[in-house]
Amino acid sequence: MNRTTLSLITGATALAAVTGFAAVSAPDAGSATERTGAAATLPVERTGLLCPRPSTSELAETTYTSFTPVTRGAEGEGTAALRSAAEQSAPDDATGKGEQDEKDGEQADDGEKGDKDAEDGKGSAKGGKGGTADKPVLQLREPGKPVTEDASGADAPALIGTADGRFASGWTAQQTTEVAAGTGRGLQGVACTAADTQFWFPGASTDDSRTDYVHLTNPDDSAAVVDIELYGKNGALKTTVGEGITVKPRSTEPVLLSTLTDEKQTDVTVHVVVRSGRVGAAVQALDDELGGDWLPASADPSGSLVMPGIPKDATAVRLIAFTPGDSDVDLKVRLASPSGMITPAGNETLHVKGGMTAGFDLGDLTRGEAGSLVLTASDGSVPVVAAVRVLRGKEGKQETAFIPAARPVETRATALDNTAKGTTLSVTSPEGTAQIKVTASAGTEGGTPATKTYTIKSGTTQDVEAPVPAGVKGTYALTVEPQGGATVYASRTLSSTEGGVPFFTVQPLPDDRGMVAVPDASEDLSVLQR
């Protein structure tokens with residue numbers, strides 16, 4: 001085996017560990033790549049995304065959006081398409097609704113409209129048990145311009161997608177749903193994610209007022225086997241059917257948490273562990289009175305965590321934290337505000353017992369200013385996962401969103417479905433001053449991209465005045481790229497007001513992992529040939 005082949009296998013193997021699957025090519029002598037030492041930084045050439053089923057409400061209005069930023073070095077052909085996943089068992093099958101979904105799914109590809117939509121990069125957004133649709137629900141036509149597809153009611157499906165070639169690097173998809181009334185009413189948004197084998201969700205609940213689902217989506221042609229572990233205030237909850245859940249090939253499985261345990265707990269940490277295969281996972285947290293939103297997975301357990309972009313008008317903030325294992329930990333709590341780090345009075349240090357979920361009410365933490373919560377374990381060797389539940393509005397007209405501990409933006413991250421009004425981009429740099437570039441793409445129906453640069457001072461959070469595309473029509477993407485300096489974290493908030501209720505949803509912006517460092521072909525890897 002020659003050195004070039006070994007080099008590429010090394011890079012591709014590292015990338016596969018991140019994205020589930022990956023492909024890169026040898027750097028061409030004339031290609032546009034960045035080099036650091038002996039490594040060439042190349043665009044990812046293949047990736048996948050999974051989107052959970054948006055809603056069980058007949059009042060739901062969902063928009064799916066897909067986008068790939070223009071990436072230097074990503075050239076040639078390629079595709080990026082999202083298709084309906086088969087629905088293994090609908091949450092409301094007991095009512096007979098699943099049978100109706102199946103009929104709707106069988107009709108999803110019928111009619112001349114489906115053919116025309118396929119030509120326009122759109123397909124049918126009806127799902128069901130009939131299997132994965134042949135035609136994409138959403139397909140990109142060119143990098144740099146987002147595309148959308150709308151769906152109404154409970155028939156909007158979970159999606160499974162892949163991108164390759166020039167569409168793979170930085171490919172991002174989002175679903176945003178508005179539910180006018182009922183349990184979970186409000187704005188619910190979630191970024192579609194790559195498949196993985198382990199997820200942590202602090203902030204779920206089995207309380208009577210909550211209806212929380214874990215959505216599991218399997219992108220592969222073989223079944224996945226999943227265990228769901230639940231941890232409450234006194235440790236592991238006794239579960240009945242949480243082990244050995246089978247998720248059929250290329251299908252989605254929503255699991256209602258209250259069917260896994262008889263214990264009623266306000267704060268629960270959900271641990272999803274995949275025994276065989278891989279899945280995408282997300283928690284949908286719906287409240288009878290306080291609306292609801294998606295709870296994305298927390299960043300991996302760590303002794304230092306950041307929850308970026310708590311809205312400045314938050315009326316209540318609740319921190320939920322969990323440390324795996326038996327060791328207790330004291331958490332130092334700081335708020336990165338526009339003027340610098342602040343220690344919240346009365347909540348300077350919080351104690352979390354090993355293996356137990358802890359909840360802490362932090363009140364109106366931000367007090368009219370942008371803020372990000374920064375947690376540091378007193379013993380850095382004790383890892384923690386965490387999230388905050390945020391309320392906006394006054395009693396009787398409140399809405400909920402969740403912000404989990406986020407991964408940093410290392411190279412690039414993108415948020416979709418933005419508009420000139422109702423979008424807030426928050427960026428924080430806990431340790432050191434940083435520079436970032438923000439690019440607003442063309443709109444879904446037209447417009448010219450725009451770019452601005454910003455300086456984020458050390459220890460601060462800034463709600464930046466993001467650029468807006470000139471002559472924009474439709475929604476657009478915002479792409480954040482660090483330009484040097486310290487590590488940054490970011491989130492994006494969408495908001496609107498309906499009937500006096502402040503609808504909103506917050507999505508952290510983790511790095512899109514669209515670039516991979518591949519060792520130079522000239523690097524001596526002969527040791528690997530032994």
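Which side chain of opposite charge is nearest to the buried Asp511, and how far away is it? The legends below belong to a predicted model.

**Figure 1. Asp511, a buried acid without a salt bridge.**
Arg513 is the nearest side chain of opposite charge, 5.5 Å away. A salt bridge needs nitrogen and oxygen within 4 Å. Asp511 is buried and has no such partner. Asp511 sits in the loop that runs between β37 (501-508) and β38 (515-519). Its side chain turns up in two backbone pairings. A polar atom of the Asp511 side chain lies 2.5 Å from the backbone nitrogen of Thr411. The backbone nitrogen of Arg513 is reached at 2.8 Å. Beyond residues up to four places away in sequence, Asp511 touches Arg407, Pro408, Val409, Glu410, Thr411, Arg412 and Ala413.

**Figure 2. The disulfide between Cys51 and Cys192.**
The count of disulfides comes to one. The sulfur atoms of Cys51 and Cys192 are 2.0 Å apart. The S-S torsion is about 105°, so this disulfide is right-handed. Cys51 belongs to strand β3 (residues 46-51), whereas Cys192 lies in the loop between β11 (186-191) and β12 (198-204). The pair therefore ties together parts that are 141 residues apart in sequence. Both Cys51 and Cys192 are buried.

**Figure 3. The largest nonpolar core, with a view of Leu331.**
This core has 31 residues. Met307, Ile310, Leu319, Leu331, Leu373, Leu375 and Val388 have the most contacts inside it. Strand β23 (residues 329-337) gives the largest share, four residues. Leu331 touches Ala321, Glu348, Thr349, Leu350, Val352, Leu375, Thr376, Ala377 and Val384, leaving out residues up to four places away in sequence. A second core is separate and has 26 residues. Among its members are Leu216, Val255, Leu257 and Leu295.

**Figure 4. Gly242 in a loop.**
Gly242 lies between β15 (235-236) and β16 (245-247). Is this glycine, Gly242, buried or exposed? Its relative accessible area is 1%, so Gly242 counts as buried. The C-alpha atoms of Gly242 and Leu260 are separated by 5.9 Å. Along the chain, Gly242 and Leu260 are 18 residues apart. Outside its neighbours within four places in sequence, Gly242 is in contact with Val226, Asp227, Ile228 and Leu260.

**Figure 5. The salt bridge between Asp208 and Lys264.**
The structure holds 11 salt bridges. In this one, the N to O distance is 3.6 Å. Asp208 lies in the loop between β12 and β13 (210-218). Lys264 lies in the loop between β17 (251-256) and β18 (268-276). The pair links distant parts of the chain, 56 residues apart. Asp208 has 60% relative accessibility, so it counts as exposed. Lys264, at 47%, is partly exposed.

**Figure 6. Asp361 and Arg318, a salt bridge between two strands.**
The side chains of Asp361 and Arg318 meet at 2.9 Å, N to O. Asp361 is in strand β26 (residues 357-363), and Arg318 is in strand β22 (residues 316-322). These two positions are 43 residues apart. How does accessibility differ across the pair? Asp361 is exposed, with a relative accessible area of 55%. Arg318 is at 15% relative accessibility and so counts as buried. The bridge also belongs to a network: salt bridges that share partners join Asp267, Arg318 and Asp361.

**Figure 7. The salt bridge between Lys437 and Glu481.**
The closest N and O atoms of Lys437 and Glu481 are 3.7 Å apart. Lys437 lies in strand β32 (residues 434-440) and Glu481 in strand β35 (residues 476-485), so the bridge ties together parts 44 residues apart in sequence. Lys437 has 26% relative accessibility and therefore counts as partly exposed.

**Figure 8. The whole chain, as context for the close-ups.**
The protein contains three helices and 38 strands. Of its 530 residues, 55% count as buried. Among contacts with a separation of 6 or more, 80% come from residues 24 or more positions apart.

Methods
Residues numbered from 1 in each chain as written. Predicted model: local features only at pLDDT ≥ 70, side-chain atom pairs only at ≥ 80, totals over all residues. Heavy atoms only, no water. Disulfide = S-S within 2.5 Å. Buried < 20%, exposed > 50% of the residue type's maximum accessible area, 1.4 Å probe, protein only. Core = buried A, V, L, I, M, F, W, Y, C linked by side-chain atoms within 4.5 Å. Contact = heavy atoms within 4.5 Å. Lys, Arg positive; Asp, Glu negative; His and termini not counted. Polar contact = N/O pair within 3.5 Å; in protein donor to acceptor, adjacent residues only side chain to side chain.
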